[in-house]
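Okay, thanks for coming, everyone. I'll put the model up and then talk through it piece by piece.

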Amino acid sequence: MRSITGKTKKVGIIGWPLGHAASPRIHNAAFAALGLDFIYLYLPVAPENIAGAVAGLKTLGFDGANVTIPHKVAIMPFLDELDESAKLAGAVNTIVIKNGNSVGYNTDFSGFIQSLRLAKVDIAGKKTVIFGAGGACRAVAAAFVRHGADAVAILARDSSKAAATAGLFSSFGFAPLSGYGWDEAACLDVSAQADILVNSTPLGMSPNCDAMPPVRWDVINPAAVFVDLIYNPRVTMLLKEAMARGHKTINGEGMLIEQAAAAFMLWTGQEAPREVMYRAF
Ligand code: NAP
């Protein structure tokens with residue numbers, strides 16, 4: 001049993017609710033493996049308390065935190081500084097407290113890229129579709145435009161949110177972005193052309209495992225790759241359906257570990273023991 005002292009460094013995960021979070025397990029195993037005097041805590045914060053949570057991290061002497069659903073965008077105005085990765089993605093999933101200042105980063109962005117690299121999926125020149133228009137979608141969209149995707153279409157249940165998220169990236173000038181409600185006719189065209197389709201909604205996440213975003217299988221390119229950011233369950237309904245049709249599939253596990261490894265580096269200055277993280281997961 002490890003001992004916690006007044007010198008133990010504190011990090012944690014801010015979200016609401018926090019039932020599904022795997023990060024405490026992953027990070028605590030990694031700290032223990034490297035003998036680092038850190039502890040990673042669950043920090044459930046209701047949406048109306050988000051400003052107080054940032055102030056609390058500073059006053060309670062935390063070294064930083066991860067940020068998850070539903071706070072990744074809402075927390076941004078309460079931080080003292082934003083790193084380029086957070087500005088690019090328009091969302092924060094990692095906070096570092098540096099000299100009393102809260103600095104927001106986005107390690108989902110690099111975690112997503114790295115997970116595709118590990119699965120040997122190239123982004124350059126590819127037409128892409130993202131289901132969902134929330135915080136994770138922003139990181140994925142930013143990764144696609146920055147890494148040379150040919151086109152990015154954001155499909156969401158609310159067309160105005162899809163268009164607004166697409167609009168955030170339109171000034172980048174790298175790849176054409178579009179946003180549609182997923183019941184609009186245009187979805188048929190973008191789906192038919194897509195090389196990579198990503199689920200960034202919680203549809204299919206435990207315990208609602210029977211849900212999935214609306215995919216028009218009749219028009220999908222047989223060579224298209226399906227990515228689900230969900231990691232619980234490991235094989236979602238979307239990935240099951242895609243596998244049954246012979247598509248290459250990638251789940252959210254690689255992104256989870258890679259975004260955690262990048263946050264670990266920011267807090268500790270050390271390379272994360274990925275194998276330990278995978279085992280703990
Ligand atoms: P978020 O900011 O809350 O965004 C969720 C998006 O999904 C929004 O566009 C939301 O639409 C939509 N949505 C939610 N419930 C829906 C439903 N029942 N039907 C249709 N659309 C729905 O969440 P997030 O941070 O982007 O996370 C999204 C998913 O990605 C989660 O499953 C999360 O676990 C996963 N994720 C995984 C990793 C990883 O490392 N593998 C990292 C980040 C996120 P509205 O705006 O209309 O509500």
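Before anything else, one definition: I call two strands paired if DSSP finds at least two bridges between them. Strands themselves are DSSP runs of E with at least two residues, helices are runs of H or I with at least four residues, and both are numbered from the N terminus.

Now the housekeeping. This is a predicted model, so local features need pLDDT of at least 70 and side-chain atom pairs count only at pLDDT 80 or more, while totals for chains, interfaces and linings use all residues. Residues are numbered from 1 along each chain as its sequence is written, and side-chain values use heavy atoms, with hydrogens and water left out.

Let's start with the mixed sheet. It's an open sheet of 6 strands, in the order 2-1-3-5-6-4, and the pairing is mixed. At the edges you have strand 2 and strand 4, residues 81-82, each with a single partner strand, so each has one side without a neighbour in the sheet. As a reminder, strands of a sheet pair through backbone hydrogen bonds, either parallel or antiparallel.

Go to strand 1, residues 9-15. Strand 1 runs parallel to strand 2, residues 38-44, and 7 bridges join the two. On the other pairing, strand 1 and strand 3, residues 64-67, are also parallel, over 2 bridges. Ile14 is a handy residue to click on: its bridge partner in strand 2 is Leu43, and its bridge partner in strand 3 is Val67.

How many of the 7 residues of strand 1 are buried? It's 5, so strand 1 is largely enclosed by the rest of the structure. Buried here means under 20% relative accessible area, exposed means over 50%, and partly exposed is in between, with a 1.4 Å probe and protein chains only.

Moving across, strand 3 meets strand 5, residues 94-98, and here the direction is antiparallel, with 3 bridges. Gly64 stands opposite Val96, and Ala65 stands opposite Ile95. Strand 5 has 4 of its 5 residues buried, so that one is largely enclosed too. Then strand 5 joins strand 6, residues 101-105, through 5 bridges, again antiparallel, with Thr94 opposite Tyr105. That hairpin has 2 residues between the strands, and Asn99 takes a positive phi near 50° there.

Next, a loop. Pro70 sits between strand 3 and strand 4, and His71 is in that loop as well. Is His71 buried or exposed? With 1% relative accessibility, His71 counts as buried. Contact, by the way, means heavy atoms within 4.5 Å. Leaving aside neighbours within four places in sequence, His71 is in contact with Ile14, Gly15, Trp16, Val45, Ala46, Pro47 and Ile50. So Ile14 turns up again, this time touching His71. Pro70, at 44%, counts as partly exposed, and with residues up to four places away not counted, Pro70 touches Trp16 and Pro47. The C-alpha atoms of Pro70 and Gly134 are separated by 8.7 Å, and those two are 64 residues apart along the chain.

On to the other sheet. It's an open sheet of 6 strands in the order 9-8-7-10-11-12, with parallel pairing. The edge strands are strand 9, 177-181, and strand 12, each pairing on one side only. Strand 8, residues 151-156, pairs with strand 9 over 5 bridges, and Ala156 stands opposite Gly181.

What about helix 8, residues 237-244: which of its residues are buried? They are Met237, Leu238, Leu239 and Ala242. Those buried residues pack against strand 10, strand 11 and strand 12. After helix 8 comes Gly246, with a positive phi near 85°.

Last bit: a helix pair. The axes of helix 4, residues 107-118, and helix 9, residues 253-268, come within 7 Å and cross at roughly 130°. Axes are lines fitted to C-alpha atoms, for helices over the stretch in contact, and angles run from 0 to 180 degrees between N-to-C directions. The residues meeting there include Phe112 and Leu118 in helix 4, and Met255 and Leu266 in helix 9. And that's my tour, so over to you.
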